[in-house]
Amino acid sequence: MTARSDAAPRPKPRSGPRVFGIPLPLFRAGVFILGLVPLARWVVLGFTNGLTANPVEFLTRSAGTWTLVILMVTLAITPLRAVTGQAGLVKVRRMVGLFAFFYASLHFLTYVWWDQWFDPVAIAADIAKRPFILVGFLAFTLLIPLAVTSTRGWVRRLGGRNWQWLHRLIYLTGGLALLHLWWHKAGKNDFLDAGIYLGVFAGLMGWRLWYRWSRRAPIS
Amino acid sequence: MPFRMPSDIVPSEITPRSVFLNRRALLAGGMGALALGAAGRPAIAAAPGRNPALPAARNAAFVAADKPTSYDDVTSYNNYYEFGTGKGDPADYAGDFRTRPWTVAVEGEVAKPQTFDIDSLLKLAAMEERVYRLRCVEGWSMVIPWSGYPLAELIKQVEPTSRAKYVAFETVVQKDTMPGVSRRVLDWPYVEGLRMDEAMHPLTLLTFGLYGEVLPNQNGAPVRIVVPWKYGFKSVKSLVRIRFTEQEPPTSWVKAAAREYGFYANVNPNVPHPRWSQATERRIGEDGIFSPKRPTLMFNGYGDQVASLYAGMDLKANY
């Protein structure tokens, strides 16, 4: 939301900021509803016997998949903004990032609950013993400071520059999450999905490098 | 011939549990609602009549005390990569699979190599029903009433020579009906193998049916191997070739990832997979949202019958 003083006159219908021609509040509401679609889908599948014979595994993997998808969407916002010139896109970046954290938390919860049955000793041993688990755990824990400092207050407290540096941790989370998926798929010897995500991630990161380089080039 | 489903679980033992879980799920609200799909799944205790009946006399010496997994779960949750790597892919895509004509070639170090037609195989020995636990290397398990007879019955017919130390089993490749084989996830055809004494063991079953009916395509029709003390991937589906060899045969999963999957692949709670522990397992249809996983048993609970095969062997090295 744009900050507006109470005393300000009511804006005319078309005067607010827009994203792709859609008034920002409506655009944000749409993104919010889209972010809830995976959760709603699970509930519907739960009531229609659609969670497969192994619902625990289905929900664990589905939560992981959606975490990765939404992480990629988060990483796509800045390039999309630059390419389309839709400056308002930045107004949904925090929400999309928090949705990624939300699904990552559910994915982590499925592990500590259904896989480890809330046994802290077993969880610690599992993380210490298995790189596959460690990498997933790191990817998740690195998101925690980002979620905590996602508020305006934290941007102010840290200062924009520090805040921006801190939030570049998402690049690391993206890489670790991909490695986690890659090792998971190695068990099935099936790298098609992981390869697609890797391509998307490489593209998004590559665009950032290119963008920085191309903007610096004229100066040097 | 009418077929009666095993186990003889009285309805009163089933209903209260699912009702109870349903209520709990409802009470638990949000996440609980998700559980309904699983907990509310009815325990199907009879053959649904979706495939032709396959009469078999129950062999009480080989009936696990565990509650059988529902027919729906057994036939909808499968690893059969020739149809795709998703668990639902085999049930979704195996519809066009051809199970006739079908032959099984038996060759290699045998005095009488021959090719058996499926219909003669069906009549080669008395069909038995056995209820076996199935433990997948991925950490889940089922309990399945299979119909078949000991593989040893077939092996005796071909008279293996003294050089026959191992047996390799090969799954069919039907390019036009198996969408998964166009991707080289594994080195097709799928090959698994056993040591001779394992293949001759009375538990090792040449299997033609489940739940009193012929095998559904996604479960390995028309004939497959079932080795209940080993991880499921050792039990090849849709068998077309049996080859007796002197050397340990190169098997699909050893070729794909030798560090993760060994030739022996005995169910062993003490030897973890690199990415997960094998100490526990989730019984499909029973363990999950409201109950923890159960301990995995050494040799999948068949230790008193098979442990002697591995006397003196380092099972950590020979995983």
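**Exercise 1. Work out what share of chain A is buried, and describe the fold around it.**

Step 1. Start with burial in this predicted model. Chain A has 220 residues, and buried residues make up 28% of them.

Step 2. List the secondary structure. Chain A has nine helices and two strands. Read along the sequence, the pattern is β-β-α-α-α-α-α-α-α-α-α.

Step 3. Check the extent. The C-alpha trace of chain A spans about 55 × 50 × 35 Å along its principal axes.

Step 4. Look at the contacts. Take those in chain A with a separation of 6 or more: 64% of them join residues 24 or more positions apart.

**Exercise 2. Describe how H2(A) and H8(A) pack.**

Step 1. Choose the descriptors. Two packed helices are described by the angle between their axes and the distance between the axes.

Step 2. Apply them. The axes of H2(A) and H8(A) come within 11 Å and cross at roughly 150 degrees. The crossing is left-handed.

Step 3. Name the residues that make the contact. H2(A) supplies A:Thr67, A:Leu68, A:Leu71, A:Thr74 and A:Leu75. H8(A) supplies A:Ile170, A:Thr173, A:Gly174, A:Ala177 and A:Leu181.

Step 4. Sort them by type. Six are nonpolar, four are polar and none is charged.

**Exercise 3. Characterise the side of chain A that touches chain B.**

Step 1. Count the residues. In chain A, 24 residues are in contact with 26 residues of chain B.

Step 2. Find the elements that give two or more residues to this side of chain A. They are helix H1 (24–47), helix H2 (55–84) and helix H8 (169–186). H1(A) gives the most, with five residues.

Step 3. Sort this side by type. It divides into 14 nonpolar, seven polar and three charged residues.

Step 4. Add the model scores. The ipTM is 0.77 and the pTM is 0.82.

**Exercise 4. Find the buried residues of H6(B) and say how they are arranged.**

Step 1. Locate the helix. H6 of chain B covers residues 151–158, and its buried residues are B:Leu151, B:Ile155 and B:Val158.

Step 2. Look down the axis of H6(B). The buried residues fall within an arc of 60 degrees, so they line one face of the helix.

Step 3. See what these buried residues pack against. Their partners in chain B are strands E2 (103–108), E3 (114–117), E5 (140–150), E8 (205–210) and E10 (224–226), along with helix H7 (196–200).

Step 4. Move past the end of the helix. B:Glu159 follows H6(B), and its phi is positive, near 55 degrees.

**Exercise 5. Decide whether B:Ser235 is buried or exposed, and place it in chain B.**

Step 1. Place the residue. B:Ser235 is found in the loop between E10 and strand E11 (239–245) of chain B.

Step 2. Count its neighbours. B:Ser235 has 23 other C-beta atoms within 10 Å. The cut-off for a buried residue is 20 or more. B:Ser235 is therefore buried.

Step 3. Name its contacts, not counting residues up to four places away in sequence. B:Ser235 touches B:Arg224, B:Ile225, B:Val226 and B:Val227.

Step 4. Add a distance. B:Ala221 is 14 residues from B:Ser235 along the chain, and their C-alpha atoms are separated by 13 Å.

**Exercise 6. Judge which part of chain B should not be read in detail.**

Step 1. Take the average. Chain B averages a pLDDT of 88, and 85% of the residues score at least 70.

Step 2. Find the weak stretch. Over residues 1–45 of chain B, pLDDT stays under 50. The model has 70 contacts beyond four places in sequence for this stretch.

Step 3. Draw the conclusion. Where pLDDT is low, the predicted coordinates should not be read in detail.

Key. Residues are numbered from 1 along each chain as its sequence is written. Chains are lettered from A and ligands numbered from 1 in the order in which they are written. This is a predicted model: local features need pLDDT of at least 70, side-chain atom pairs count only at pLDDT 80 or more; totals for chains, interfaces and linings use all residues. Two residues are in contact if their C-beta atoms, placed from the backbone, lie within 7 Å. Helices (H or I, at least four residues) and strands (E, at least two) are DSSP runs, numbered from the N terminus. Ala, Val, Leu, Ile, Met, Phe, Trp, Tyr, Cys and Pro count as nonpolar, Asp, Glu, Lys and Arg as charged, and the others, Gly among them, as polar. Axes are lines fitted to C-alpha atoms, for helices over the stretch in contact, and angles run from 0 to 180 degrees between N-to-C directions. A crossing is left-handed if the near helix is turned anticlockwise from the far one by less than a right angle, and right-handed if clockwise. A residue is buried if 20 or more other C-beta atoms lie within 10 Å of its own, exposed if 12 or fewer, and partly exposed in between; C-beta atoms are placed from the backbone. The arc is that of the directions from the helix axis to the C-beta atoms. pLDDT is the predictor's confidence in each residue, from 0 to 100.
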